[in-house]
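Work through the exercises below with the sequence and the model open. Each task is followed by a solution in steps.

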Amino acid sequence: MSPSVPLQEMIRAIRSARTQCEERGVIQRECAAIRAQFRQADNGGRSHNLAKLLYVHMLGYPAHFGQMECVRMIASPRYSEKRVGYLGAMMLLDEKQDASLLITNSIKNDLSHSNQYVQSLALCTLACMGSAEMCRDLAPEIDRLLRASNSYIKKKAALCAVHIVRKVHDLGELFAPAARSLLAEKNHGVLHGAVVLITELCERNPETLERFRKTVPDLVQIMKGLVISGYSPEHDVAGISDPFLQVRILRLLRILGRNNEAASDAMNDLLAQVATNTDSTKTVGNAVLYETVLTVLDIKSESGLRVLAVNILGRFLLNNDRNIRYIAMTSLQRIVGTDHNAVQRHRGTIVDCLKDQDASVKRRALELSLALVSATNIRSMMKELLLFLSSCPLELRAQAASGIFNAAERYAPSQRWHIDTILHVLTTAGGDVRDETVPNLIQLITNTSELHCYTVHKLYRALLSDISQQSLVQVACWCIGEYGDLLLRGECQETEPVQVTEDDVLDALETVLQSHMSAPATRGFALTATMKLSTRITDNVDRIRSIVSIYGSCIDVELQQRAVEYNALFKKYDHMRAAVLERMPVIEKNSPGHTNGESTREAVKEVQPAKVKQAETLLPQQPASQVCDLLDLLGGSEEPLQPNPAVGSTLPVLPVSTSSTAGGDLLDLLGGLEPTPLTPAPTVTVYEKGGVTLTLSSEKQSDSGLTVTLTACNSTDSDISSFTLQAAVPKSVQLHMKAPSGDSLPARGAAKVTQMVALSNPNKVNLKMRIRISYTSQGSAFQDTVQVDSFPEH
Amino acid sequence: MIRFLLLFSRQGKLRLQKWFTPLTDREKKKVIRDMTMLVLPRPPRSSNFVQWRDLKIVYKRYASLYFCAGLEQHDNELLALEVLHRYVELLDKYFGNVCELDIIFNFEKAYFILDEFLMGGEILETSKLAVGATMEEADTLQETMEEYMSKPAY
């Protein structure tokens, strides 16, 4: 067949251009010639010109002036011109161009052309760039072609219908009957098209899916025919008969069998047959096996078949071919939630894949390994994961680090192991961890009080060796500040004793302060740590004073502010310094997934009740109906076991921006000193029954604000539990109940429960309060109500 | 479905592009750039699958050409490798020991063959012989017209 000479000459000319500039010159000349030719009347070389233009377009140059020529050529009666015209339409026009509408009519005419190759051109173009309007226009034509034409056209019409359904979902109904009848065809091309069309219809419309379930036996039949049949030269690929069709049928069976017992039963035998008989030495066989495995795992298959499928995946994992290992891990990832134990059996192979050279395989292996970590294998898995972290590619580091943290948090066998692991990650990949790691780690450290000595020693040593990893340095500074006295003491059970002098420690902190590698936040940590040490060391307090005063003129505003305040703490408030800088209490944290058995998170309640926002009413377990009869019920009872952000409020004076203080974003640092003790307010006993006494005292805070303190006491011989108070006030008064100090009253007045209530009475109405008391004593529940009409005024 | 099929050389020059979804010219150019940057630097014995945005990219190198296809999440990657291989076989049969130059100088033929094999991102014909036969007939039809047009009129 004769090649297009003018086209080839042009291509040769362009390729012989030695520079980009020369090439552009050639192309500009050619484009000018083409444009001139387009304007001329009909000549024999039109298809060549358009072909030249398409080549130029492929090189990346603009070719939009050829769009109208495409439209004209499509309308030409000559096949050669139509062919190139339609090709041009597919390359230059898309549904967003206006010119595409102009070819709708041509396509319509060509769909009913006598020559099947012309029809096929029209079908192909419609399926490639048909817009929604065009599809709507021509759908009936396509349907007609689906039913009554030869197999060549039928298969093209089927895929054209698929495109139409994708563009205009409603037209799916139109094609359903024709699709059904196409399944009876013998031609593989038509069969394939029919299966694709049915798949598309079923995916879009659940009702259609229901109707097509009846085709499962037919599909099974067709599939069986393909699997058992002998060699067919036309469709054979490496011993497998028409693998493309097989894979599509398997996919359709998957969709039809999902969530349906009957359909799944009907295909069980077939799937078992395919899984066992397919030759897996070549890629094509593995492609079919892969699809079979996906189908088995997705439908309601029997357990034997599922085991077979997972075993096939296990075999894939051992395959030499990287591609097969990759897809095996992708599939295992999908089922690791449901068939966890089956996947665990292959854990060894998966962990080995972490060492594979290929980046894609490594990524999959990492995801799968993290999903397979459990309480039993945590130690060995973590060893492998930490090894991986030290050598993994940069783009996977953040994912690996956060995955390791999550796993360590969930399954840590001991506190020391947990801390060691986190420290290891920080030393290897400190730059890639998330920001919240620092407060999380600090919180973990404060919680394991028995390991403070060990931790601070380890961190000190890490700090000495490397100060470039910011997260590690921040944690180390904080620990040295907090537990510096333990560090200086020297002896430690867990590690070898090392003599650390006060000067060494201060040197280390100063190095961090002065290093250009330290981020501003890190220097903030170091400065605060230095300050804290002033109460923990004895000899070098003057050195600390001088460091702090130097930074009083630092350029960094944050550091300057801190230094100035610390200076003030030295000078004017020296009497408070010890109290301000004393050891922090345990930090409470709201976080999910803590199954760490060793530590119990006790909420350390402060003397000052925390400002718990009770905007959402924490209603007690009692049914709502009991609550309704009280007026204006706002904050209900407390839930003492719910973690409140407890406050380390021994640092009231520092109005420091909390974000950079150690663990600051978890601690709710309250401003304000301890209030100067007021003269004790008069108390009134408002309730006394059954051994339970409730006293009330009030004090005025402002013109319309009143704080009421309710104190409960138990004088009986048995303990009282679940003690709750609810209060109601007149409508115009606002009530805010703070968290009570507890909910249990031990016998014989051993301890009291206090609850503060803040009232706001802007309209100065007569203040009344109704209080409901409920508690459990000796296994039975009690409830009572009392009304308070007058409040003792201060 | 296959979202796109690209053929490019080892230097990153595009030899064939087939798009099965509507994209603007800018988006197409971006995809082509991303694909060449994703595929060309990969070491020779790495796996043929890469995850890119929400698509699975399957690529294979044949002599000096990279064949690169973008698949959706539920497509079978191993089968996509077979699809690429089948297309190469079809080109080989048609041109007779196909090489990159054949595809450069006869790019429109490469497109016609592709259009007989894939349509709308799905496989159209699973038989090699059928595709070959169709191409022959269509070429004959074209030639007949051209011969007819170039015959001198008496």
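**Exercise 1. Describe the surroundings of A:Asn714 in this predicted model, beginning with its side chain.**

Solution.
- Step 1. The A:Asn714 side chain comes to 3.0 Å from the backbone oxygen of A:Leu745.
- Step 2. A second polar contact links the side chains of A:Asn714 and A:Thr716, at 2.7 Å.
- Step 3. Beyond the residues within four places in sequence, the contacts of A:Asn714 include A:Gly691, A:Asp719 and A:Ile720. A:Leu745, A:Pro746, A:Ala747, A:Arg748 and A:Gly749 are also in contact with A:Asn714.
- Step 4. Is A:Asn714 buried or exposed? Buried means under 20% relative accessible area. A:Asn714 has 0% relative accessibility and therefore counts as buried.

**Exercise 2. Place A:Asn714 in its strand and determine how that strand is covered.**

Solution.
- Step 1. A:Asn714 belongs to strand E5 of chain A, residues 705–714.
- Step 2. In a regular strand, side chains alternate between the two faces of the sheet.
- Step 3. One side of E5(A) holds A:Gly705, A:Thr707, A:Thr709, A:Thr711 and A:Cys713, all buried. On the other side, A:Leu706, A:Val708, A:Leu710, A:Ala712 and A:Asn714 are all buried too.
- Step 4. Because 10 of the 10 residues of E5(A) are buried, the strand is largely enclosed by the rest of the structure.

**Exercise 3. Which strands pair with E5(A), and in what sense?**

Solution.
- Step 1. Strand E4 of chain A, residues 692–700, runs antiparallel to E5(A) and is joined to it by nine bridges. Within this pairing, A:Leu696 lies opposite A:Leu710.
- Step 2. The connection between E4(A) and E5(A) is a hairpin with four residues between the strands.
- Step 3. Strand E8 of chain A, residues 753–760, pairs with E5(A) over eight bridges, also in the antiparallel sense. Here A:Leu706 has A:Leu759 as its bridge partner.

**Exercise 4. Summarise the fold of chain B.**

Solution.
- Step 1. Chain B contains five helices and seven strands. Their order along the sequence is β-β-α-β-β-β-α-α-α-β-β-α.
- Step 2. Chain B has 154 residues, of which 60% count as buried. The chain exposes about 6800 Å², and 55% of this comes from carbon and sulfur atoms.
- Step 3. Taking contacts in chain B between residues at least 6 apart in sequence, 49% join residues at least 24 apart.

**Exercise 5. Characterise the interface of chain B and chain A, and say which elements of chain B contribute to it.**

Solution.
- Step 1. The contact involves 64 residues of chain B and 68 residues of chain A. Together the two chains bury about 6100 Å², with 59% of it on carbon and sulfur atoms.
- Step 2. B:Leu78, B:Phe105 and B:Met119 account for 12% of the area that chain B buries against chain A, more than any other three residues.
- Step 3. Seven salt bridges cross the interface. One of them joins A:Arg83 to B:Asp139, with the closest N and O atoms 3.0 Å apart.
- Step 4. Polar contacts link 22 residue pairs between chain B and chain A, counting pairs with both residues at pLDDT 80 or more.
- Step 5. Elements of chain B that each supply at least two residues to the side touching chain A include strand E2 (14–19), helix H1 (25–39), helix H2 (77–95) and helix H5 (128–150). H5(B) gives the largest share of that side, 13 residues.

Notes:
Residues numbered from 1 in each chain as written. Chains lettered and ligands numbered in written order. Predicted model: local features only at pLDDT ≥ 70, side-chain atom pairs only at ≥ 80, totals over all residues. Heavy atoms only, no water. Buried < 20%, exposed > 50% of the residue type's maximum accessible area, 1.4 Å probe, protein only. Contact = heavy atoms within 4.5 Å. Areas by Shrake-Rupley, 256 points an atom, 1.4 Å probe, with all protein chains shown as cover. Polar contact = N/O pair within 3.5 Å; in protein donor to acceptor, adjacent residues only side chain to side chain. Pairing = 2+ DSSP bridges. Buried area = accessible area lost by both parts, 1.4 Å probe. Salt bridge = Lys/Arg side-chain N within 4 Å of Asp/Glu carboxyl O.
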